[in-house]
Amino acid sequence: MIPYIKSNHPKAYVALKDLRSFLSTLVMADNSSSADPPPPFDPLKPATPVSYPLQTLDELESRAYFNSFHYPFNKTAVKLPPAAGLPSRPRTLVCHDMAGGYTDDRLVQGGANAQAFAIWHWYLIDVFVYFSHNLVTLPPPCWTNTAHRHGVKVLGTFIMEWDEGKVRADKLLASKDSLRMYADRLTELAVALGFDGWLINMEVNLDPGQIPNLKEFVSYLSQTMHSSLPGSLVIWYDSVTVDGDLNWQNQLNDKNKPFFDLCDGIFANYSWEEDYPKQSAKVAVDRNFDVYMGIDVFGRGTYGGGQWTTNVALDVIKKADVSAAIFAPGWVYETQQPPDFQTAQNRWWGLVEKSWGIVQNYPKLLPFYSNFDQGHGYHIYTDGKQISSNQWNDLSSQSFQPFIKYSGDSNTQPIQVSIDFKGASYSGGGSITFVGTLDDKAEFRARLFHGVLPLRNSPVHFTYSVKSNGNSLLGLALGFSSASNEKKTVLLAASGKRRFSSRFTSVVMPRRVTKLDQEPGWIIQESSINMAGHILTEIQALCYRPKPERSASIAADDTLSHAPSDYYAVLGGLKISADGENTKFPPSDSWHVASEFISWTSGSQGSKNLSVKIIWQLKAGYADLFLNYNIFVEKLNSPSSGGQSQLPEVAPEYLGEAAVKSFYISDLEVPSDASFLKFIIQVRGLDGTSQNLEDAPFLQLKVEG
């Protein structure tokens, strides 16, 4: 956004505008002089699925987006859990504005950048806005999928700015019919794609006579969104005033309150002074939490300076009992803050947490599963077995993120806790590592999750995968609260019952321990507890060592027996379920699998290249409880027989993951000796289990020619 520059440095604003025009001219000139300019984007043509914005009101009015080849791929797979609305407390809105938007995240089926930007501190966020300087910014579904998984609402952006923005505003506000038609189109897009509303940013000067229609637009859009999608939001950005002037107020006052009164909140501009949040709260009366005071993380004219002092503004906002709007937290990534993105990101969000506190809690529902995948990495595993060694990114696959507390810049803790992407995972592309030194008497706790999970009369089952060195042990410490606020603690551990019995309400040994012979190192521990009438409030990892047998010689030197030594353990995944059983997958023949848009082209040395869209759907009579699918291909010399795969000596090739029931394969190389291709759709359950490949639905295609 350009608000601070335009309002405080008008000459710089004009220069920036001229530079923007000049750069556009250069780009056009460069394209025209190129011997082979890239073809224009044609949304009707089959291609690798991407997310993209709408650039004109004509695109919006014509509903052209729904005819796009890319539309079905951009639907959100993960629905927001049912809720009565936003909580009655100070909230955190995060507005993602990075490098113009639609970077790695535009690739709906994922990309190959293992270091792509991601957010994993969802427990500190209530609302996520995907922002760009396009007219209609549609959030890529990967953001909506992972935000919804964590209970966070997602908004797109409708913006009018610069000279073309004024022309568009005139068209939008020409009549009540026109404004209602455009509001209906925006509502239709949000509902169809599955995100939760809009940030409205009218950064243009208007004639005073247009203000009544602008107010009608805000009111009508809010009403249609609420009726079409209960719990949805329309947020007004502090820009044009009720006088028609583009004059950022940096607070809620009588110049912008008429718009605030017609929607769900206001995003106040960043250049506020210390008393503005408190003044805004007074103006809002009983809607003080609907005031989101802006903070520009880049620090451009923002209170407190942003960057590593963003928490200074957060402290003032929270004290005033209003909400915060954090703009462009991708600053950490874009400016390559040292020493690396993971460390800098954790440090920056650690400052946010210290100021603001946790706002989202999970687990809330069963089954609950996390493999600690952040949505990018250097490999992919399933049940301890590697299925891909390629670098990748896909935020749709991001699992529930642990509440790992930032330990500070110094290594004062005996155990360092981090997400590891390089070492072998149990599932997905990440795991939690616990590395350090620990003596025999010591123990170390690390928080994993804060929950609000009510437990019923039936037992609850915990399954977790661990890999460790010989004398490093890892258990799960669980916290519970009853209706009368009675606190209880339970330790799930493979040993140490006598040692910990005095510090926990109970110590539960695993009912089953499974060692993976083919994937050495991983141990699966399964435990059951019955805590009827209680709420699971906390899950911690407990690091400890087995106490050694004390011979007479060792006992004589107590210092030696308890000397700190290296500790290493990995937590690969955690599942909590009500029945203790894995997902039961419908058999292969209960799915209808088909292909569309088949295209063959010649390759090198007699090979061919195939592009095809695979689609699948459960037949009638089966409940569809699946949100993710792994796609594989087998290149065969002859067709497989029956309903089961005749697996070749070479393992099936992993192609990618789908969050919707379709997957587009572009330019798949088919060797000259392959006669048939068998595409396998491995169904994945909400509890992290995956269907056996030999039982999975599939599509068989004969190689052309």
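Let's start with the stretch from residue 103 to residue 379: here the chain is 36% helix and 17% strand, and its end C-alpha atoms sit 21 Å apart. Keep in mind that this is a predicted model. An unreviewed UniProt entry places a domain at residues 103-379, under the name "Cytosolic endo-beta-N-acetylglucosaminidase TIM barrel".

Now look for the largest nonpolar core, which has 132 residues. F158, W198 and F217 have the most contacts inside this core. Helix α6, residues 176-193, gives the most to it, with 8 residues. If you pick out F217 and skip its neighbours within four places in sequence, you'll find it in contact with F158, L172, L173, L179, A183, L186 and I200. Another core, this one of 25 residues, lies apart, and L610, V633, I665 and A674 are among its members.

Next, helix α7, which runs over residues 211-228. Its 18 residues reach 25 Å from the first C-alpha to the last, close to the 26 Å expected at 1.5 Å a residue. Plenty to spot here: the buried residues of α7 include I211, L214, F217, V218, L221 and M225, and E216 and N213 are buried too. What covers them includes strands β4, β5 and β6, along with helices α5, α6 and α8.

Finally, hop over to E669, which has its place in strand β30, residues 662-670. Is E669 buried or exposed? Partly exposed, because its relative accessible area is 49%, while exposed takes over 50%. Leaving out residues up to four places away in sequence, E669 touches S607, K608, N609 and K635. T601 is 68 residues away from E669 along the chain, yet their C-alpha atoms are separated by 9.6 Å.

Key. Residues are numbered from 1 along each chain as its sequence is written. This is a predicted model: local features need pLDDT of at least 70, side-chain atom pairs count only at pLDDT 80 or more; totals for chains, interfaces and linings use all residues. Side-chain values use heavy atoms; hydrogens and water are left out. A nonpolar core is a set of buried Ala, Val, Leu, Ile, Met, Phe, Trp, Tyr and Cys residues joined through side-chain atoms within 4.5 Å. Buried means under 20% relative accessible area, exposed over 50%, partly exposed in between (1.4 Å probe, protein chains only). Helices (H or I, at least four residues) and strands (E, at least two) are DSSP runs, numbered from the N terminus. Contact means heavy atoms within 4.5 Å. The expected span of a helix is 1.5 Å times one less than its number of residues. UniProt positions are given in the numbering used here, feature names are shortened, and annotations may be inferred rather than shown by experiment.
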